[in-house]
Amino acid sequence: MPQKATNTIRITKRTVDQLQPSDREIYIWDSEVRGLGVRCYPSGKKMYVLKTRHGRTQRLITLGQHGSPHTPESARKAALHHLALRAKGEDPAKEREKRKAAKTVKELGTRFLDEHVLQRCKPSTAYEYKRAVEQFINPALGSFSIGDVTSADVARFHYKLRHIPYQANRAVGVLSKMMSLAEKWHYRPSNTNPCKGLEKYPEDKRERFLTKEELKRLHKVLDEAEANGTESRYFIAAIKLLLMTGARLSEITTLKWSYVDLIDGMLNLPDSKTGKKTIPLSGTAIEFLKAMLKRGMLVEGNPYVVVGAKTGSHFVEMQSPWRRIRKKAGLEDVRIHDLRHSFASFAINSGMSLQIVGKLLGHSQAQTTMRYAHLDNDTLKKATNEISAVMDAAVKPAANENAPKPKRERVRLEPAPKRRRVRLAAND
């Protein structure tokens with residue numbers, strides 16, 4: 001414990017700044033708030049402290065460092081707050097120890113990923129959750145105690161990500177799920193989720209579909225890259241299969257040859273985003289897969305169609321080569337997922353119903369398919385002309401009714417010839 005002070009003074013910034021370090025700790029005590037002091041270490045570091053007594057035990061509570069976070073005025077307020085808690089019978093030191101022992105948001109994130117995400121979510125979803133936790137949540141809130149996170153903290157976290165609104169909304173969504181589980185795991189009281197009520201940023205729905213000319217240009221660049229050997233032939237195969245099937249990226253990159261039925265023309269996926277799924281193959285897709293087998297792209301010991309660099313693995317890094325390919329094709333705003341959009345767009349423009357397209361894409365709800373129902377300009381012009389023809393047909397009869405009626409010409413009829421009466425003899 002500190003040595004007993006013989007004199008007390010009113011602690012001000014000037015008195016604290018003038019306090020010089022010694023070979024042992026030095027204390028000065030405030031004349032205004034009893035027990036408030038400044039502790040000066042031999043290193044020169046100065047800390048505000050509060051000396052209290054709880055029962056027969058005397059404690060020295062560290063309030064914080066001089067300059068950051070405290071000034072004499074803020075340290076005095078903090079000391080009065082602690083003294084008020086003690087007057088109510090609470091022990092500030094024990095409360096502080098309890099907070100130190102509390103789980104942090106970072107620890108909550110680890111349990112969330114291990115016990116919830118890995119057990120309940122698809123690999124692609126698990127990847128996005130892990131990314132949100134490690135890249136956004138932990139750097140901003142990881143050191144916070146779970147019970148100390150407030151709605152103001154969440155709003156500040158959300159605001160700092162305003163330049164990436166989509167990701168900001170997703171990160172808060174993940175944090176909200178974490179806080180709901182924190183209540184379930186008794187880290188927070190019930191109904192205290194600090195994410196509830198937060199107004200999310202508006203998100204612009206992206207609509208990007210390849211035109212026929214762009215599709216032709218993309219295929220040309222892919223063929224050139226394969227011929228020159230500038231890109232992996234497995235990457236090129238993955239892109240072409242995406243265009244032929246409208247499948248999700250993960251469904252193609254994790255596709256195994258055992259799922260491929262070239263006789264019936266089907267990809268029989270045991271699992272996907274929507275569960276078990278069957279993808280019908282076009283004749284072109286069947287021939288393409290047969291060509292892959294003929295070209296020796298089936299690697300012994302590797303079950304995957306799109307083979308990765310590591311032994312027995314599937315192709316993983318699609319984004320870097322895709323950025324190179326789309327730049328050469330002049331399609332720098334096209335994402336890999338837009339290839340799926342384009343497949344749906346071409347299908348609908350060919351006259352297929354939303355129900356059929358939804359089945360091809362593996363959608364469980366028709367509303368999802370509606371998002372892909374892009375119509376190109378030729379189709380829209382054709383539809384406009386057809387609608388106009390129907391409307392014109394409906395309007396023209398009404399216009400004819402209001403038009404002046406043509407005069408009827410009077411036609412003079414010749415009188416019919418008189419019938420001659422013939423008198424017959426009695427013997428006739």
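Two rings of Phe, Tyr or Trp count as a pair here if their centres lie within 6.5 Å, with planes under 30 degrees apart called stacked, over 60 edge-to-face and the rest tilted. With that in hand, let's walk through this predicted model. Searching the whole structure turns up 3 aromatic pairs.

One of them is Tyr 27 with Trp 29: the ring centres are 5.7 Å apart and the planes sit at 5°, so this pair is stacked. Tyr 27 and Trp 29 are both buried. Trp 29 also has a charge for company, since the charged end of Lys 51 sits over its ring, 4.5 Å from the centre. A similar theme crops up elsewhere: Arg 111 lies over the face of Trp 185, at 3.9 Å from the ring centre.

Back to the pairs. Phe 235 and Phe 315 have ring centres 6.4 Å apart and planes at 40°; that angle is neither under 30 nor over 60 degrees, so the pair is tilted. Phe 235 belongs to helix H9 (residues 233-245), while Phe 315 is in the loop between helix H11 (283-294) and helix H12 (319-328), so the pair ties together parts that are 80 residues apart in sequence. Both of these Phe residues are buried.

H9 is a good place to move on to the nonpolar cores. The largest one has 43 residues, and the members with the most contacts inside it are Leu 218, Ile 239, Leu 289, Val 305 and Trp 322. Which elements give two or more residues to this core? They are helix H8 (212-228), H9, strand S6 (266-269), H11 and H12. H9 supplies the largest share, 10 residues. Take Ile 239 as a sample: leaving out residues up to four places away in sequence, Ile 239 touches Leu 222, Met 318, Trp 322 and Leu 339.

There is a second, separate core of 27 residues, and Phe 112, Phe 157, Leu 161 and Leu 181 are included in it. Phe 112 leads us to helix H4 (residues 105-120), which bends by about 35° at Leu 113. Which residues of H4 are buried? Val 105, Leu 108, Gly 109, Phe 112, Leu 113, His 116 and Val 117. As for the pattern, an α-helix has 3.6 residues a turn, so residues three or four places apart point the same way. The buried residues of H4 pack against helix H5 (123-141) and helix H7 (165-184).

Definitions and conventions:
Residues numbered from 1 in each chain as written. Predicted model: local features only at pLDDT ≥ 70, side-chain atom pairs only at ≥ 80, totals over all residues. Heavy atoms only, no water. Phe/Tyr/Trp six-rings, centres within 6.5 Å; stacked < 30°, edge-to-face > 60°. Buried < 20%, exposed > 50% of the residue type's maximum accessible area, 1.4 Å probe, protein only. Helix = DSSP H or I, 4+ residues; strand = E, 2+ residues; numbered from the N terminus. Lys NZ or Arg CZ within 6 Å of the ring centre and 35° of its normal. Bend = angle between axes of the 7 residues up to and from the residue. Contact = heavy atoms within 4.5 Å. Core = buried A, V, L, I, M, F, W, Y, C linked by side-chain atoms within 4.5 Å.
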